[in-house]
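Take the walk through this protein one step at a time. Keep the sequence and the 3D view side by side as you read.

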Amino acid sequence: MTQIENVEHSFYVPVQTYYKPLKPISSKITIPPKSWDYNLMNVLLIDDHFCAREGVACLLKQIFPDLQVLEAESIDQGLAIAHDTPLNLVLLDVQLPDKDGLAGLQAFREAFPNLCVAMFSGLDDRELVFEALRLVAMGFITKTLSRQAFIDALRDVLSGNVYLP
């Protein structure tokens with residue numbers, strides 16, 4: 001694995017074998033090898049809109065057929081899934097009925113500090129993006145992206161890079 005020096009935040013990226021807990025890397029981002037198998041992963045989608053979750057889950061399964069996609073419609077439901085299932089990535093909507101996404105991001109950071117969480121939203125507000133980054137989101141992926149841009153954003157986030165719109 002390659003390490004990138006001089007990074008301000010501590011970021012955590014998934015390990016190839018997702019059954020092992022993720023380990024923090026102090027002040028460094030570790031980039032998985034090019035042979036990274038994106039199929040051997042668990043991704044949690046948290047969005048209160050059924051059609052949005054289903055559409056993204058379908059797209060993810062087309063791109064990575066062996067990927068396990070879990071779905072939740074609230075922060076509390078997502079946290080419960082995360083407690084029971086090892087995850088590599090959480091895509092977290094910004095506007096949810098039980099808590100706003102930034103509060104959800106904070107809840108995930110407190111409960112699972114090593115988990116890769118990216119915000120996933122139809123909003124493209126710069127202030128919101130910077131607040132998410134301040135709370136150590138690995139990216140801010142907008143729902144308006146093209147298919148290829150969405151794939152590239154996921155690969156960036158899973159490779160330890162912060163994705164911005």
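A residue counts as buried when its relative accessible area is under 20%, and as exposed when that area is over 50%. By this rule, 51% of the 165 residues in the protein chain are buried. One caution before going on: the model is predicted.

Begin with the overall layout. The protein chain holds 5 helices and 7 strands. Read from the N terminus, the order of elements is β-β-β-α-β-α-β-α-β-α-β-α.

Now go to strand 3, residues 42-46. Is it enclosed or open? Of its 5 residues, 5 are buried, so strand 3 is largely enclosed by the rest of the structure. In a regular strand, side chains alternate between the two faces of the sheet. Here Asn42, Leu44 and Ile46 point one way, while Val43 and Leu45 point the other way. Both sets are buried.

Which strands pair with strand 3? One partner is strand 4, residues 68-72. The two run parallel and are joined by 5 bridges. Asparagine 42 stands opposite glutamine 68 in this pairing. Another partner is strand 5, residues 89-93. That pairing is also in the parallel sense, over 4 bridges. Valine 43 stands opposite leucine 89, and leucine 45 stands opposite leucine 91.

A helix links strand 3 to strand 4. Helix 1 spans residues 50-63. Together, strand 3, helix 1 and strand 4 form a right-handed β-α-β unit.

Leucine 45 deserves a closer look. This residue sits in strand 3. Leucine 45 counts as buried because its relative accessibility is 3%, and the cut-off for buried is under 20%. Its C-alpha atom lies 8.2 Å from that of valine 56, a residue 11 positions away along the chain.

Leucine 45 and valine 56 also meet in the next feature, since both are among the residues that line a cavity. Rolling a probe the size of a water molecule over the atoms shows where empty space is left. How many cavities of 30 Å³ or more are there? The count is 2. The second largest holds about 30 Å³ of space. Its lining consists of Leu45, Ile46, Asp47, Ala52, Arg53, Val56, Leu91 and Phe120. Strand 3 and helix 1 are the elements that give two or more residues to this lining. Helix 1 gives the most, with 3 residues. By residue class, the lining of the second largest cavity has 6 nonpolar, no polar and 2 charged members.

Move on to strand 5, which supplies the leucine 91 that faces leucine 45. Strand 5 is mostly covered, with 5 of its 5 residues buried. Leu89, Leu91 and Asp93 point one way from strand 5. Val90 and Leu92 point the other way. Every one of these five side chains belongs to a buried residue.

Strand 5 also pairs with strand 6, residues 117-121. These two strands run parallel, joined by 4 bridges. In strand 6, phenylalanine 120 is the bridge partner of aspartate 93. Phenylalanine 120 also appears in the lining of the second largest cavity. Helix 3, residues 101-111, belongs with these strands: strand 5, helix 3 and strand 6 make a right-handed β-α-β unit.

Next comes the stretch toward the C terminus. Valine 136 lies in the loop between helix 4 (126-134) and strand 7 (140-142). Its phi is near 70 degrees, a positive value in a residue other than glycine. Further along, valine 157 lies in helix 5, residues 147-158. Valine 157 has a relative accessible area of 0%, so it is buried. Its C-alpha lies 7.5 Å from that of alanine 118, though the two residues are 39 apart in sequence.

Finish with the cysteines. How many disulfides does a search of the whole structure find? The result is 0. Is cysteine 116 buried or exposed? Its relative accessibility is 1%, so cysteine 116 counts as buried. Cysteine 58 comes out at 44% and therefore counts as partly exposed.

Note on methods
Residues are numbered from 1 along each chain as its sequence is written. This is a predicted model: local features need pLDDT of at least 70, side-chain atom pairs count only at pLDDT 80 or more; totals for chains, interfaces and linings use all residues. Side-chain values use heavy atoms; hydrogens and water are left out. A disulfide is a pair of cysteine sulfur atoms within 2.5 Å. Buried means under 20% relative accessible area, exposed over 50%, partly exposed in between (1.4 Å probe, protein chains only). Two strands pair if DSSP finds at least two bridges between them. A crossover is right-handed if, with the strands pointing away from the viewer, the path from the first strand over the helix to the second runs clockwise. On a 1 Å grid over the protein atoms alone, a cavity is a set of points where a 1.4 Å probe fits but cannot get out, and a pocket is an open set with protein on both sides within 12 Å along at least five of seven lines; lining residues have an atom within 4 Å of a point. Grid points are joined across faces, edges and corners, and a volume is the space filled by probe spheres set on the points. Ala, Val, Leu, Ile, Met, Phe, Trp, Tyr, Cys and Pro count as nonpolar, Asp, Glu, Lys and Arg as charged, and the others, Gly among them, as polar.
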